[in-house]
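Student: I would like a close look at a single part of this model and at what surrounds that part. Please take me through it step by step.

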Amino acid sequence: MAERKIRVLVAKPGLDGHDRGAKVIAQAFRDAGFEVIYTGLRQTPERIVATAEQEDVDCVALSMLSGSHLTLMPKVTKLLKEKSMDDILVVGGGVIPNEDIPLLKEAGVSEIFTPGTPTSLCAEYIKNNIHLK
Amino acid sequence: MDRIEKIRNGDVRTASRLIRDLEDEFPQAVSAIKELYPYTGQARVVGLTGAPGAGKSTLTDGILEALRKKGKSIGVLAVDPSSPYTGGAILGDRIRMQRHAEDPKVFIRSLATRGALGGISKAVGDSIHVLDSMGKDFVIIETVGIGQQEVEIMNYAHTVIVVLVPGMGDGVQTIKAGIMEIADVFVINKADRDGADTLAAEINLMLDMAASNQQIWRTPVVKIGNVINASEFKQGIDELLGHVDKHFQYLQNSGEIKQKMKNKALFEIKAALNNNINQVIYEQLLNDGSLETMINKMTERSSDAYTLSETVTAKYLKNI
């Protein structure tokens, strides 16, 4: 019987140009057997959501180091909800202060992975929390 | 509205899910293709192929821009390789095309090869039908970065663009069989680099020699410079699309398009036969343990592959 392949969108919203983290996580997800759609730098929330729709992903993983996570991550979850795509798991990673994490979770971001998290843990989290369609 | 109607009305999410069902080989996807097939055959299918990093995605982005200016709607299938170890993949072609992501007339879908070796994935043929039945004017297929002989794209595209870059070998490479034979249009990309003129001359020489065997379509060679030089790059794209149009007219005027469509049908029938016969028997053998027995007989030298497969044929294909 056919089996679903996990598809994950790795995107960097906002203006910072530091994509090493996003590339490391994309490669770790590849090694976990996921199909990773990587969009590169400087993506608007609108673009990220349009891409998630066209690519039929199970998870959107947002990498942010610019400090604008409280604005942009909730924007992504809001747009997903508006398009009735909130069955997609949203996770975030990057330099995100601990006190911001509850706010992001409240806004619909499922989990935040801060520096030092083993990449295998992120992949495991996604495997365990997506709703395969 | 059922999903067939939704797809025919251009619904992105339904189409994308169906493509996923096709990739994951869900049986219900096949029934959708059966229903959609009568509505296909309208879109122009253009394939881009070439080595990794040759610039296929950047050219696709340029083509998207030019076609959108003409008001055309476009579906893109961008193929990148799957890992032979984990089955995972990094699908990064659309990085170059993200400025079109929110354009409702552009639908970009990334596919992983999932072990296919022909330069595209198994789901590409049916995914073209999906985009075609959505009413797209053009379907562009960007193959995985290829070497010398991944030519499967020729079975699906009306026009194949082979993208080359300078510095990849001498004139002998241009006369080798395989990928050099399937181009309907050649692009020499990154033509601002040294060696572009030499490469163009070598390809033209090869094409002029081939032209003697009563070929009517003389494959054009287009040089396109660095994308940083925007106006020159756009000029190059316009020239390329001019040739793509001319090639399509040639197919129609010469009647060659009929043969091409017959070849495509044959190719798809073979694939479906393989799915419905080979695959089914294989799974049966796997599940009832006889495959294991066959393998053991082979390794013990008590039988051979031909005798064993004849036994299978006798058992399952009674009328042959």
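Tutor: The part to start from is a pair of strands in chain A: E1(A) and strand E2 (residues 35–38) run in the parallel sense and pair over 4 bridges. Within this pair, Leu9(A) stands opposite Ile37(A) of E2(A). Keep in mind that this is a predicted model.

Now consider how E1(A) is covered. Strand E1 of chain A spans residues 7–11, and 5 of its 5 residues are buried, so the strand is largely enclosed by the rest of the structure. Buried here means under 20% relative accessible area. The side chains point two ways: Arg7(A), Leu9(A) and Ala11(A) go one way from E1(A), while Val8(A) and Val10(A) go the other way.

From here the path leads into chain B. Arg7(A) is touched by Glu23(B), which also touches Glu35(A). In chain B, the contacts of Glu23(B) include Arg109(B), Leu111(B), Ala112(B), Arg114(B) and Ala123(B). With a relative accessible area of 7%, Glu23(B) counts as buried because the limit is 20%. Its C-alpha is 31 Å from that of Leu251(B), and the two are 228 residues apart in sequence.

Glu23(B) belongs to helix H2 of chain B. This helix, residues 12–23, lies across strand E2 (74–80) and E4 of chain B, and runs at about 15 degrees to E4(B). Helix H5 (residues 124–133) of chain B also packs on the sheet, where it touches strand E1 (44–50), E2, E4 and strand E5 (138–142) of that chain. The direction of H5 makes about 160 degrees with that of E2(B).

The sheet itself is open and has 7 strands of chain B, in the order E4-E2-E5-E1-E6-E7-E8, with parallel pairing. Its edge strands are E4 (106–112) and E8 (221–224), each of which pairs on one side only. On average, neighbouring strands are turned by 20 degrees against each other, direction ignored. At the E8 edge, strand E7 (residues 185–189) of chain B pairs with E8(B) in the parallel sense over 4 bridges, and Phe186(B) stands opposite Val221(B) there.

For a contrast with the buried residues, take Met209(B), in helix H7 (residues 196–211) of chain B. Met209(B) is exposed, with a relative accessible area of 52%. Together with Val172(B), Ile175(B) and Leu205(B), Met209(B) makes a nonpolar surface patch of about 410 Å².

Note on methods
Residues are numbered from 1 along each chain as its sequence is written. Chains are lettered from A and ligands numbered from 1 in the order in which they are written. This is a predicted model: local features need pLDDT of at least 70, side-chain atom pairs count only at pLDDT 80 or more; totals for chains, interfaces and linings use all residues. Side-chain values use heavy atoms; hydrogens and water are left out. Two strands pair if DSSP finds at least two bridges between them. Helices (H or I, at least four residues) and strands (E, at least two) are DSSP runs, numbered from the N terminus. Axes are lines fitted to C-alpha atoms, for helices over the stretch in contact, and angles run from 0 to 180 degrees between N-to-C directions. Contact means heavy atoms within 4.5 Å. Patches are made of residues with over 30% relative accessible area and no salt bridge: like charges are joined within 9 Å, nonpolar side chains (Val, Leu, Ile, Met, Phe, Trp, Tyr) within 5 Å. Accessible areas come from the Shrake-Rupley method with a 1.4 Å probe; for residues, only the protein chains shown count as cover. A salt bridge is a side-chain nitrogen of Lys or Arg within 4 Å of a carboxyl oxygen of Asp or Glu. Buried means under 20% relative accessible area, exposed over 50%, partly exposed in between (1.4 Å probe, protein chains only). Lists of a residue's contacts leave out its neighbours within four places in sequence.
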